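I opened this model to look up one strand and one loop residue, and I kept these entries as I went.

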Amino acid sequence: MGDSNNSMPIPVLDLSESEEVQLRVLREACSTTGFFYLTGHGVPRELIRRVFGGAAKFFQCAAERKDEFKAGPGEHPLGYQSAVLENIKLDPETQEHPDQREQLKFARRNYVRDYNAFIEGAGGLASASEREDDRRIVWLAKALTEEEEEWRSQVNSYFERVSSLGHGLLKLLAKSLGLEETHFSPFFKRPLELMNLNYYHAQKARLGCGSHTDYGMLTLLITDEVPGLQVCKDKSKPAPEREYVDVKAPPGHSHFVINVGDMLERWTCGEFVSNLHRVENVTGKERFSIAFFFEPDVDALISPIDRSSGSVPASDPLPPVVYGDWLKEKYNKTGEVI
Ligand SMILES: O=C(O)CCC(=O)C(=O)O
Ligand SMILES: [Fe+2]
């Protein structure tokens, strides 16, 4: 792991190394490719394997069964999304075809409330008591088989483990920027945490997921061993000239692949890079991945950090934004149909 492929090395952050080394690796990774592998994370491989196993079974189910996991009104952006039409994520500049993947999405109940209030303009934000109490992970299907019940507890436990990793990484990120360890905590009291199980079909010569950046703070991804994820070498180039390099698929679910999102790039005034990436599944094999999007509270007011003064400056080069407003604008721009 961590060797260069096609001349773009992806560093490995090992949480069992000394903090000094961790901070150095993190800073270096975030300010160059915006991607790093994470190991020493403590999420049991067996748990990850079981979550993947259940996902493979779920996506094999008949369409009628999968449709029972579809979101109803007020339940977006959760549940099952088939590969046809509902799942279009078109970047008109670079992507000719819709994304080719099925997804099953999970979040906590307060995410659903906050998302719908802010993005869809329906209902209110999670109430004060819900903010504290309702961290339940939502499953949309009315009834589950015994096997699915078992899978549910594995998926939920994986979600909690990755959520804790996200909070831990916030502390490291803050320190790597020379800030107090708790600097980001007030903006992550009830973070938007969205977990997508992805199923890329075994088709050829189509983008499973078109070139994009992720919107939030960090994305924590686990893939199977089928390659497909590619990272842009230099996103400042115009779209037709951009080159993409493969991100080596870690063996046996051993490493997370983590990347900086747009909000963190903005928060750090561009010091940390939210890089373009895509999935090109040309192996002729099915591919599965789990992406966990770790994003600030929907109503967090985020002022970019100017490191030249070491804190939030009086006159920001970038104005403060409310995270939910920023997200809404992003969705409107990409024309994502949910
Ligand atoms: O499946 C992958 O390897 C990456 C998926 C991804 O980039 C995304 O869903 O944002
Ligand atoms: Fe992504």
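The entries below begin with the conventions and then take the strand before the loop.

I note that this is a predicted model, in which local features need pLDDT of at least 70 and side-chain atom pairs count only at pLDDT 80 or more, while totals for chains, interfaces and linings use all residues. Residues are numbered from 1 along each chain as its sequence is written, chains are lettered from A and ligands numbered from 1 in the order in which they are written, and side-chain values use heavy atoms, with hydrogens and water left out.

**Strand β9.** I looked up strand β9 (residues 218–223; strands are DSSP runs of E of at least two residues, helices runs of H or I of at least four, numbered from the N terminus) and found six of its six residues buried, so β9 is largely enclosed by the rest of the structure. Buried means under 20% relative accessible area, with a 1.4 Å probe and protein chains only. In a regular strand the side chains alternate between the two faces of the sheet. In β9, L218, L220 and I222 are buried on one side, and T219, L221 and T223 are buried on the other.

**Pairing.** I then checked the partners, where two strands pair if DSSP finds at least two bridges between them. β9 runs antiparallel to β12 (residues 256–260) over four bridges, and antiparallel to β14 (residues 287–295) with six bridges. L221 has V257 as its bridge partner in β12 and A291 in β14.

**T268.** I found T268 in the loop between α7 (262–267) and β13 (277–280), and at 4% relative accessibility it counts as buried. The side chain of T268 reaches the backbone nitrogen of F272 at 3.1 Å. Setting aside neighbours within four places in sequence, I list L177 and I305 as in contact with T268, contact meaning heavy atoms within 4.5 Å.

Key:
Buried means under 20% relative accessible area, exposed over 50%, partly exposed in between (1.4 Å probe, protein chains only). A polar contact is a pair of N or O atoms within 3.5 Å; within protein, one must be able to donate a hydrogen and the other to accept it, and residues adjacent in sequence count only if both atoms are side-chain atoms.
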